[in-house]
Amino acid sequence: ANAAIQGTAAGDAQAFEVVDEGGELVRVRFHEFLQNYSEIVNEQPADENDMDEEEEPIQRQYYPYLEQAGQIARRQRKSGSSFSNEMDDEEEDESEMSSFSSTICVNYRHLLAYDPDLAEAIEGEYVRFEPYLRRAAKEFVLGCHPELDRIGAGGGLMKESAVVNSYFVAIYNCSTVLPVRALRTGTIGRFSAISGTVTRSSDVRPELLV
């Protein structure tokens with residue numbers, strides 16, 4: 001009876017996964033953004049006294065999100081090293097896992113300059129696309145540092161507590177900032193930045209993700 005209700009023959013029932021084509025497109029394009037976004041930065045010499053007044057600073061191509069992926073990998077390797085008990089107190093403090101060990105911070109203005117359509121889609125339907133952004137972030141970090149994936153699969157000398165299963169994306173520097181009183185039902189599901197005055201604070205219990 002259940003098979004008939006589901007429209008399948010007995011013994012041939014199959015589970016179908018609904019694919020969000022828009023979400024998959026966002027995942028691919030966000031991954032490309034993390035991989036390819038770069039900017040020109042001026043690099044000053046180590047000793048500024050050695051630089052002539054007429055000499056121009058050295059310019060180089062800087063990839064901020066590749067740099068972040070490297071920092072995340074270093075934090076995870078430091079925290080998960082089986083020899084961490086041999087480090088001194090200062091190194092031990094630096095190696096402790098934190099939210100930044102699995103979070104990529106994305107400047108919204110970078111995203112807007114690189115791919116305006118992608119930025120508009122994320123801002124308009126953030127709740128829908130947020131899981132795809134997290135998947136792209138994980139694929140990006142593990143693609144840049146595949147040793148972290150091998151660690152998670154049980155290889156290497158890593159502590160079990162250091163294995164990271166979830167990666168997150170934190171977006172900042174949004175072009176539009178709303179006052180708290182301007183929040184309406186129309187902003188539900190959208191990516192919104194708000195401003196206000198904190199009059200009282202209390203402990204916030206962290207969200208438990210399983």
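**Exercise 1. The packing of α2 and α7**

Determine how α2 and α7 are oriented to each other in this predicted model.

*Solution.* The starting point is the pair of values for the two axes, since two packed helices are described by the angle between their axes and the distance between the axes. For α2 and α7 the angle is about 40°, and the axes lie 8 Å apart. Angles under 35 degrees would count as roughly parallel, and those from 65 to 115 as roughly perpendicular; α2 and α7 are therefore oblique to each other. The handedness completes the geometry, and the crossing of α2 with α7 is right-handed. On the α2 side the contact is made by Gly 22, Gly 23, Glu 24, Val 26, Arg 27, Phe 30, His 31, Leu 34 and Gln 35, while the residues contributed by α7 include Arg 128, Phe 129, Tyr 132, Leu 133 and Phe 140. Sorted by class, the residues of the contact of α2 with α7 divide into 10 nonpolar, 4 polar and 5 charged.

**Exercise 2. The packing of α2 and α6**

Describe the crossing of α2 and α6, and state which residues of the two helices meet.

*Solution.* The axes of α2 and α6 come within 11 Å and cross at roughly 125°. Because only angles over 145 degrees count as roughly antiparallel and the perpendicular range ends at 115, this pair has to be placed between the two classes; α2 and α6 are therefore oblique to each other. Their crossing is left-handed. From α2, the residues Val 26, Arg 29 and Phe 30 meet Asp 117, Leu 118 and Ile 122 of α6. By class, the residues of this contact of α2 with α6 comprise 4 nonpolar, no polar and 2 charged. Val 26 and Phe 30 also take part in the contact of α2 with α7.

**Exercise 3. The two sides of α6**

Which residues of α6 are buried, and why do they lie on the same side of the helix?

*Solution.* Helix α6 spans residues 116–124, and its buried residues are Leu 118, Ala 119, Ile 122 and Glu 123. These residues cover an arc of only 130° around the axis, which puts them on the same side of α6. The general background is that an α-helix has 3.6 residues a turn, so residues three or four places apart point the same way. On the other side of α6, Asp 117 and Glu 120 are exposed. The last step is to find the partners of the buried residues, which pack against α2 (21–36), α5 (108–114), α7 (126–144) and β4 (168–172).

**Exercise 4. The contact of α6 with α7**

Give the geometry of the α6 and α7 pair and the composition of its contact.

*Solution.* The axes of α6 and α7 come within 6 Å, crossing at roughly 115°. The contact is made by Ala 121, Ile 122, Glu 123 and Gly 124 of α6 together with Tyr 126, Phe 129 and Leu 133 of α7. By class, the contact of α6 with α7 has 5 nonpolar, 1 polar and 1 charged residues. Phe 129 and Leu 133 of α7 are also among the residues in contact with α2.

**Exercise 5. The setting of Thr 103**

Is Thr 103 buried or exposed, and which residues is Thr 103 in contact with?

*Solution.* Thr 103 belongs to strand β3, residues 103–107. Its relative accessible area is 15%, and since buried means under 20%, Thr 103 counts as buried. Leaving aside neighbours within four places in sequence, Thr 103 is in contact with Gln 68, Ile 72, Phe 168 and Ala 170.

How values were computed
Residues numbered from 1 in each chain as written. Predicted model: local features only at pLDDT ≥ 70, side-chain atom pairs only at ≥ 80, totals over all residues. Heavy atoms only, no water. Buried < 20%, exposed > 50% of the residue type's maximum accessible area, 1.4 Å probe, protein only. Helix = DSSP H or I, 4+ residues; strand = E, 2+ residues; numbered from the N terminus. Arc of directions from axis to C-beta. Contact = heavy atoms within 4.5 Å. Axes fitted to C-alpha atoms, helices over the stretch in contact; angles between N-to-C directions. Left-handed = near helix turned anticlockwise from the far one by under 90°. Nonpolar A, V, L, I, M, F, W, Y, C, P; charged D, E, K, R; others polar.
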